[in-house]
Amino acid sequence: MKVAIVGYPNVGKSSLVNRLSGTREAVVHESSGVTRDRKEVTTEWNGRELTLVDTGGVDLEEQDDLARQIQRQAREALADADVAVLVVDARAGVRAGDLDMADLLRRVAIPVMVAANKVDSVRDLVLAYEFHRLGLGEPVAVSAAQGLGTGDLLDRIVAAGPEHDREPAPDEPVRLALIGRPNVGKSSLVNRFLGSERVIVSDQAGTTRDAIDLPMRFEGRSLVLVDTAGLRRAAKVGESLEYYTALRSERAAQRADVALVVCDAGDGVTAQDLRVAEMAMKSGCATALVLNKWDLQADGQAGIGPDELDAERIRVSRKLRLRPRVLTASAKTGRNVERILVEAVGLADRRSGRIATSELNRFIADVVAARQPPAASGARQRNQRLKLIYMTQTGERPPRFSIQVNSHAMVTRDYAYYLENRMRERYRMEGIPLMIDFVERKERRGRAGSREQR
């Protein structure tokens with residue numbers, strides 16, 4: 001069941017979502033207008049699964065571009081919901097903005113209830129009575145801060161909603177996080193992927209404040225796109241709100257199967273872009289870099305152009321050990337957007353796939369033939385050389401492999417990197433974290449040794 005949480009700015013919608021779900025998923029700050037896009041948070045009550053849709057504060061009198069986009073997002077949340085909850089500030093009383101929202105909600109075709117928030121004690125219960133004026137039925141007195149009345153609100157929501165939950169998606173979705181610096185076009189790419197203006201786009205840097213999960217289908221596959229707030233250098237994060245939004249962006253990468261690090265083609269791949277990519281890859285997700293706004297570079301404007309692209313890819317490969325691919329796209333024109341989704345799904349499949357043991361041992365034979373393993377450096381071991389005896393895969397998401405060797409001490413960092421890079425080339429694992437464990441197996445002569453090796 002989907003529940004749209006709507007209301008005037010700064011009435012505590014995000015705080016109420018967090019209280020009802022028992023999470024801290026929605027960004028909460030004392031500043032007004034923190035929430036802008038729709039954010040869905042799942043919870044359960046009395047055996048029913050609820051998807052709470054947090055929306056931006058709606059002031060229908062505001063007509064600037066950002067305000068109109070927030071209003072459109074709230075209307076779309078209502079159109080997709082089974083139940084709507086109008087959150088009001090009980091301490092502030094009925095305001096003109098509440099009356100405007102109530103007028104809008106009386107025209108929707110779903111059950112609507114009023115949650116009078118900030119009733120933090122029994123003495124404040126009388127404050128909720130004034131909201132009968134909205135004409136939306138009996139208001140529910142709640143306190144997002146203290147938790148008072150939230151169980152009653154959830155009971156009302158479940159009772160008002162449909163009898164049966166929506167059918168779940170049949171397959172496990174691929175989680176695809178778009179991360180990067182502010183104002184590089186992450187939200188524009190998300191909207192292009194979805195084919196609709198699902199998230200707010202503005203020339204103002206820092207428009208996106210939260211990590212927004214957006215389901216979609218692509219070539220028969222279920223995807224969840226995660227639009228995130230821009231990540232700046234830690235030294236430039238000066239306010240608590242930006243700190244928490246950046247933290248949510250990092251957590252989005254940790255929960256993702258694939259991260260697309262979106263860069264501005266006009267700037268090329270900057271040092272901060274490389275830091276963001278390192279953060280994503282350390283979290284264990286597959287990663288690719290996307291030079292967005294490529295329509296400007298193809299026209300010969302300043303920045304990394306078509307002639308410099310190969311050199312930029314080589315530079316990224318040298319800087320980042322996992323050697324992620326560098327792709328080009330234009331959210332504005334749609335150029336290469338579908339190719340990016342194809343690459344992202346392929347990365348997710350290779351991150352979770354398995355390679356047969358027989359194929360891995362053919363790989364070992366080929367790499368040893370191409371470059372002989374290192375020999376022991378000590379005088380007593382002059383005639384000894386590292387032997388790669390056997391290789392198998394021991395894990396996935398991300399992939400992990402085990403190679404049995406005759407001597408762990410003879411495995412050099414250089415040869416380990418060589419094996420890792422050859423694996424990336426052979427199995428198209430560019431940008432995928434992979435781990436190779438070298439396990440020492442002593443070679444013994446005689447029948448006992450043979451039994452042990454078997």
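Q: In this predicted model, which residue meets the side chain of glutamate 420 in a salt bridge?
A: Let's start with a charged pair. Side chains of opposite charge can pair when their charged atoms come close. Here the N to O distance is 2.6 Å, and the partner of glutamate 420 is arginine 321.

Q: How many residues apart in sequence are the parts that glutamate 420 and arginine 321 tie together?
A: Glutamate 420 sits in helix H12 (residues 413-427). Arginine 321 belongs to the loop between helix H9 (309-319) and strand E12 (326-328). The pair therefore ties together parts whose separation in sequence is 99 residues.

Q: Is glutamate 420 buried or exposed?
A: Buried means under 20% relative accessible area. Glutamate 420 has a value of 5%, whereas its partner arginine 321 is partly exposed at 46%. With 5%, glutamate 420 is therefore buried.

Q: Which residues are joined with Arg426 into one network of salt bridges?
A: Arginine 426, in helix H12, pairs with glutamate 359 in helix H11 (residues 357-370), with the closest N and O atoms 3.3 Å apart. Arginine 426 also meets aspartate 366 in a salt bridge, at 2.8 Å. Through shared partners, the network joins Arg426 with Glu359, Arg362 and Asp366.

Q: How many salt bridges does a search of the whole structure find?
A: The pairs we have just met include arginine 426 with aspartate 366 and glutamate 420 with arginine 321. Searching the whole structure gives a count of 29.

Q: Which side chain is joined to that of aspartate 273 by a polar contact of 2.9 Å?
A: Find aspartate 273 in helix H7 (residues 271-282); this residue is buried, with a relative accessible area of 0%. Beyond its neighbours within four places in sequence, aspartate 273 touches Arg181, Val261, Val262, Cys263 and Gly268. The side chain in the 2.9 Å polar contact is that of arginine 181.

Q: Which residue has its backbone nitrogen 2.9 Å from a polar atom of the side chain of serine 143?
A: Serine 143 is in the loop between E6 and helix H4 (150-160). Serine 143 counts as buried, at 0% relative accessibility. The backbone nitrogen in question belongs to glutamine 146.

Q: What accessible area do the residues of the nonpolar surface patch with Tyr129 have together?
A: Tyrosine 129 lies in the loop between strand E5 (112-117) and strand E6 (140-141). Exposed means over 50%, so tyrosine 129 counts as exposed at 51%. Along with Val122, Leu125 and Val126, Tyr129 forms a patch whose combined accessible area is about 420 Å².

Key:
Residues numbered from 1 in each chain as written. Predicted model: local features only at pLDDT ≥ 70, side-chain atom pairs only at ≥ 80, totals over all residues. Heavy atoms only, no water. Patch = residues over 30% accessible without salt bridge, like charges linked within 9 Å, V, L, I, M, F, W, Y side chains within 5 Å. Areas by Shrake-Rupley, 256 points an atom, 1.4 Å probe, with all protein chains shown as cover. Salt bridge = Lys/Arg side-chain N within 4 Å of Asp/Glu carboxyl O. Helix = DSSP H or I, 4+ residues; strand = E, 2+ residues; numbered from the N terminus. Buried < 20%, exposed > 50% of the residue type's maximum accessible area, 1.4 Å probe, protein only. Contact = heavy atoms within 4.5 Å. Polar contact = N/O pair within 3.5 Å; in protein donor to acceptor, adjacent residues only side chain to side chain.
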